[in-house]
Amino acid sequence: MSEAGTTQTGDPIIQLKGVVKAFDGKRVIDGLTLDIQRGETIVVMGGSGSGKSTTLRLMIGSIEADEGAIRICGTDIVHANEEELNAVRLKLGVLFQSGALFNSMTLAENVALPLIEHTTLDREIIDIQVKIKLELVGLREHADKYPSEISGGMKKRAGLARALALDPQILFYDEPSAGLDPVTSAEIDRLIIDLSKKLGVTSIVITHEMDSAFAIADRMAMLDKGEMLIVEERAWFERVRDTEGEAAEKLSEKERLIRQFLRGDAEGPITDRKAATNYAEDLLGSPMPRETIPSVVSTRG
Ligand SMILES: Nc1ncnc2c1ncn2[C@@H]1O[C@H](COP(=O)(O)OP(=O)(O)OP(=O)(O)O)[C@@H](O)[C@H]1O
Ligand SMILES: [Mg+2]
């Protein structure tokens with residue numbers, strides 16, 4: 001048996017099996033199973049309310065699963081005590097949907113915070129660490145600025161520098177490009193790819209942005225009402241997205257729906273058919289008017 005830190009290739013760094021989570025008696029995660037391999041970048045997609053953020057919160061141990069098993073870096077976090085859970089949390093970096101910087105602190109102070117809280121390192125060593133992390137995200141020259149003095153894209157990068165502070169093995173990103181213009185968003189994509197290559201971290205990225213998803217993913221997963229609809233290599237999704245004409249008509253119902261989701265087609269085999277439209281609404285989350293379905297997909301032109 002190998003130690004958690006020396007997991008052999010092939011042993012998933014994250015394993016979810018039959019995970020269930022209910023809020024007010026309603027199952028929002030319903031038997032979710034997913035293996036994530038060390039070093040890969042996996043993109044998690046799905047309609048609004050399909051359970052993406054909840055899945056992330058379950059994986060980082062900020063909420064508890066009702067049923068099922070979750071193993072992170074070899075630790076069963078469903079049955080772990082607080083001490084074991086904290087040890088796992090130190091291996092995780094999270095970039096939240098909001099960025100979540102402290103406005104009263106400079107960027108350098110924000111990045112230093114986890115190091116001050118969780119290590120016994122000397123101040124000089126912490127300062128060096130902070131410079132390295134800010135350099136990694138291209139913000140070293142802005143170390144002394146306050147969050148209110150920088151752009152949205154820079155805030156995301158600063159949040160990322162803070163997520164990197166403790167040299168995590170796994171990085172979670174919840175909607176990293178939300179609210180950013182297309183160019184800034186592409187810069188964040190580049191950064192996600194760079195960090196994955198340079199640091200060898202495992203990355204889990206939740207996104208609605210199809211351009212981003214295809215730019216960064218090794219594999220892609222689609223959630224549907226708290227269940228895994230499909231997990232495949234990026235090439236599989238590219239093939240489904242790019243299937244045209246007669247070949248598109250031969251795709252299965254599920255593949256055609258995924259195709260429409262990926263392409264953001266206003267018209268397609270799914271919305272053309274009433275019964276299938278119901279299926280699409282079902283699959284894409286809360287009921288929505290037919291004409292708004294494609295807007296779930298692509299917010300970038
Ligand atoms: N703390 C909570 N209490 C009650 N319901 C919750 C809670 N957190 C999430 N939910 C519900 O669980 C479902 C899934 O929410 P979640 O935030 O995981 O969706 P999502 O896929 O991240 O959506 P979005 O794309 O809008 O961010 C939603 O119906 C949501 O209202
Ligand atoms: Mg969410």
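**Exercise 1. Strand E9**

Task: Which residues of E9 lie on one side and which on the other, and are they buried or exposed?

Solution.
Step 1. On one side of E9 are Arg219, Ala221 and Leu223, and on the other are Met220, Met222 and Asp224. The model is a predicted one.
Step 2. In a regular strand, side chains alternate between the two faces of the sheet.
Step 3. Each of these residues is buried, and both faces of E9 are covered. Buried here means under 20% relative accessible area.
Step 4. The count for the strand (residues 219-224) is 6 buried out of 6.

**Exercise 2. The partners of E9**

Task: Which strands pair with E9, and in what sense?

Solution.
Step 1. Strand E3 (residues 41-45) pairs with E9 in the parallel sense, over 4 bridges. In this pairing isoleucine 42 is opposite arginine 219 of E9.
Step 2. Strand E10 (residues 227-233) pairs with E9 in the antiparallel sense, over 6 bridges. Here aspartate 224 faces glutamate 227 of E10.
Step 3. E9 and E10 make a hairpin with 2 residues between the strands, and lysine 225 in its turn has a positive phi of about 45 degrees.

**Exercise 3. The four-stranded sheet**

Task: What is the strand order of the open sheet of 4 strands, and which strands stand at the edges?

Solution.
Step 1. The order is E2-E1-E4-E5, and the pairing is antiparallel.
Step 2. E1 and E4 are joined by 5 bridges, with isoleucine 14 opposite isoleucine 72 in E4.
Step 3. E4 (residues 67-72) and E5 are joined by 2 bridges, and isoleucine 72 is also opposite threonine 75 in E5.
Step 4. E4 and E5 form a hairpin with 2 residues between them, where cysteine 73 in the turn has a positive phi of about 50 degrees.
Step 5. The edge strands are E2 (26-37) and E5 (75-76); each has a single partner strand, so one side of each lacks a neighbour in the sheet.
Step 6. Helix H1 (residues 52-59) lies across E1 (12-23), E2 and E4, and runs at about 120 degrees to E1.

**Exercise 4. Helices H3 and H4**

Task: How do H3 and H4 cross, and which residues make the contact?

Solution.
Step 1. The axes of H3 (residues 107-118) and H4 (residues 123-136) come within 9 Å and cross at roughly 120 degrees. H3 is therefore oblique to H4.
Step 2. The crossing is right-handed.
Step 3. H3 contributes Leu107, Ala108, Val111, Ala112, Leu115 and Ile116, while H4 contributes Arg123, Ile126, Gln129, Val130, Lys133 and Leu134.
Step 4. Sorted by type, the contact residues are 9 nonpolar, 1 polar and 2 charged.

Notes:
Residues numbered from 1 in each chain as written. Chains lettered and ligands numbered in written order. Predicted model: local features only at pLDDT ≥ 70, side-chain atom pairs only at ≥ 80, totals over all residues. Heavy atoms only, no water. Axes fitted to C-alpha atoms, helices over the stretch in contact; angles between N-to-C directions. Parallel < 35°, antiparallel > 145°, perpendicular 65-115°, else oblique. Left-handed = near helix turned anticlockwise from the far one by under 90°. Contact = heavy atoms within 4.5 Å. Nonpolar A, V, L, I, M, F, W, Y, C, P; charged D, E, K, R; others polar. Pairing = 2+ DSSP bridges. Buried < 20%, exposed > 50% of the residue type's maximum accessible area, 1.4 Å probe, protein only.
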